[in-house]
Amino acid sequence: MHLVSVMQQGVWAVMLWHNLLASSIPLDCREEQGILSRCPSISQEKLLDRVIQHAELIYRVSKESCSLYEVMFIPLPLQFQRNRAGSACITKTLPVPSSKNEIQQISDKWLLHSVLMLVQSWIEPLDYLQTSLDRYDDTPETLLNKTKWVSEKLISLEQGVVVLIRKMLDEGMLTINHSEQGLLPNDVQPQMLESVMWDYALLSCFKKDAHKMETFLKLLKCRQTDRYNCS
């Protein structure tokens, strides 16, 4: 029964996947010289809506990727270790609010910069994850496509957040600066099981952070319309 349910979910996920690819709206907004502009043709409200849409899709696909990875590579007893992954998240040391009280108290500016920090911190690890999954013998094409899509859309989300910061906070020529702190271990060649669990931890952590990005952006949207009734 469980296997049938999983197969049905897999068919549904493939159908949804094609719809996501067709409906996603690019956030790239560049001048001829390749420099990010303020996107004068897009209002601040519409740009925020597009950024939120991207964050929602990224979180949704990250959940699907994590579930598919579990079905394919993680034995049931090891799935209970997922809660341990949060303590090892590569973004744990970032100055990003975590409790509901902290999130409610920070400014609009810090909400946006928190999203930008999270986005930029995950660009390199997701590239690593894609390379790692390519080395697996039985990685389904659907999973590879999903993780690749998330990596590409994360860069698009980064561009949108940068432009949004300029529009909302008037911070001039804010540049994109990918994190170079070496969030991933260098020169490590883990055994297969260790590699599988490491990639699982990455996916689990990214799913949590993708949810944070979505939450922060939706709170920002709420503050733009009804600041005193946002929870």
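A residue counts as buried when its relative accessible area is under 20%. Cys-230, at 12%, is therefore buried. Keep that cut-off in mind as we look around this structure, which is a predicted model.

**The core**

Let's start inside. The largest nonpolar core has 58 residues, and Tyr-69, Trp-122, Leu-154, Phe-206 and Met-213 are the ones with the most contacts inside it. Helices H2 (44-73), H6 (108-134), H7 (141-169) and H8 (192-226) each supply at least two residues of this core. The largest share comes from H8, with 13 residues.

For a feel of the packing, pick Phe-206. Setting aside its neighbours within four places in sequence, Phe-206 is in contact with Ile-58, Ser-62, Trp-122, Leu-126, Val-150, Leu-154 and Met-213. Trp-122, Leu-154 and Met-213 also appear among the core residues with the most contacts.

**The disulfides**

Next, the cysteines. The structure holds two disulfides. One of them joins Cys-89 to Cys-205, with an S to S distance of 2.2 Å. The torsion about its S-S bond is about -100 degrees, so this disulfide is left-handed. Cys-89 sits in the loop between helix H4 (82-85) and helix H5 (100-105), while Cys-205 sits in helix H8, so the bond ties together parts that are 116 residues apart in sequence. Cys-89 is buried at 11% relative accessible area, and Cys-205 is buried at 3%.

Cys-222 and Cys-230 make up another disulfide, with their sulfur atoms 2.0 Å apart. Here, too, the S-S torsion is about -100 degrees, so the disulfide is left-handed. Is Cys-222 buried or partly exposed? With 22% relative accessibility, Cys-222 counts as partly exposed. Its partner Cys-230 is buried, as we saw at the start.

What about Cys-66? Cys-66 is in no disulfide, and the nearest cysteine sulfur, that of Cys-205, is 9.4 Å away. Cys-66 is buried, with a relative accessible area of 1%.

**A buried arginine**

Arg-223 is worth a stop as well. This residue lies in helix H8 and is buried, with a relative accessible area of 9%. What does its side chain meet? A polar atom of the Arg-223 side chain lies 2.8 Å from the backbone oxygen of Ile-106. Leaving aside neighbours within four places in sequence, Arg-223 is in contact with Ile-103, Gln-104, Gln-105, Ile-106, Ser-107, Asp-108, Leu-111 and Cys-230. Cys-230 is the residue that pairs with Cys-222 in a disulfide.

**The salt bridges**

Finally, the charged pairs. The count comes to seven salt bridges, including these:

| Pair | Closest N to O distance | Helices | Separation in sequence |
|---|---|---|---|
| Lys-221 and Asp-49 | 3.0 Å | H8 and H2 | 172 residues |
| Lys-218 and Glu-56 | 3.0 Å | H8 and H2 | 162 residues |
| Glu-64 and Lys-146 | 2.6 Å | H2 and H7 | 82 residues |

Asp-49 is partly exposed, with a relative accessible area of 34%. Lys-218 counts as partly exposed at 36%, and its partner Glu-56 is partly exposed at 28%. Are Glu-64 and Lys-146 buried or exposed? Both of these residues are buried. Lys-221 and Asp-49 also belong to a network of salt bridges that links them with Glu-45.

Methods. Residues are numbered from 1 along each chain as its sequence is written. This is a predicted model: local features need pLDDT of at least 70, side-chain atom pairs count only at pLDDT 80 or more; totals for chains, interfaces and linings use all residues. Side-chain values use heavy atoms; hydrogens and water are left out. A nonpolar core is a set of buried Ala, Val, Leu, Ile, Met, Phe, Trp, Tyr and Cys residues joined through side-chain atoms within 4.5 Å. Buried means under 20% relative accessible area, exposed over 50%, partly exposed in between (1.4 Å probe, protein chains only). Helices (H or I, at least four residues) and strands (E, at least two) are DSSP runs, numbered from the N terminus. Contact means heavy atoms within 4.5 Å. A polar contact is a pair of N or O atoms within 3.5 Å; within protein, one must be able to donate a hydrogen and the other to accept it, and residues adjacent in sequence count only if both atoms are side-chain atoms. A disulfide is a pair of cysteine sulfur atoms within 2.5 Å. A salt bridge is a side-chain nitrogen of Lys or Arg within 4 Å of a carboxyl oxygen of Asp or Glu.
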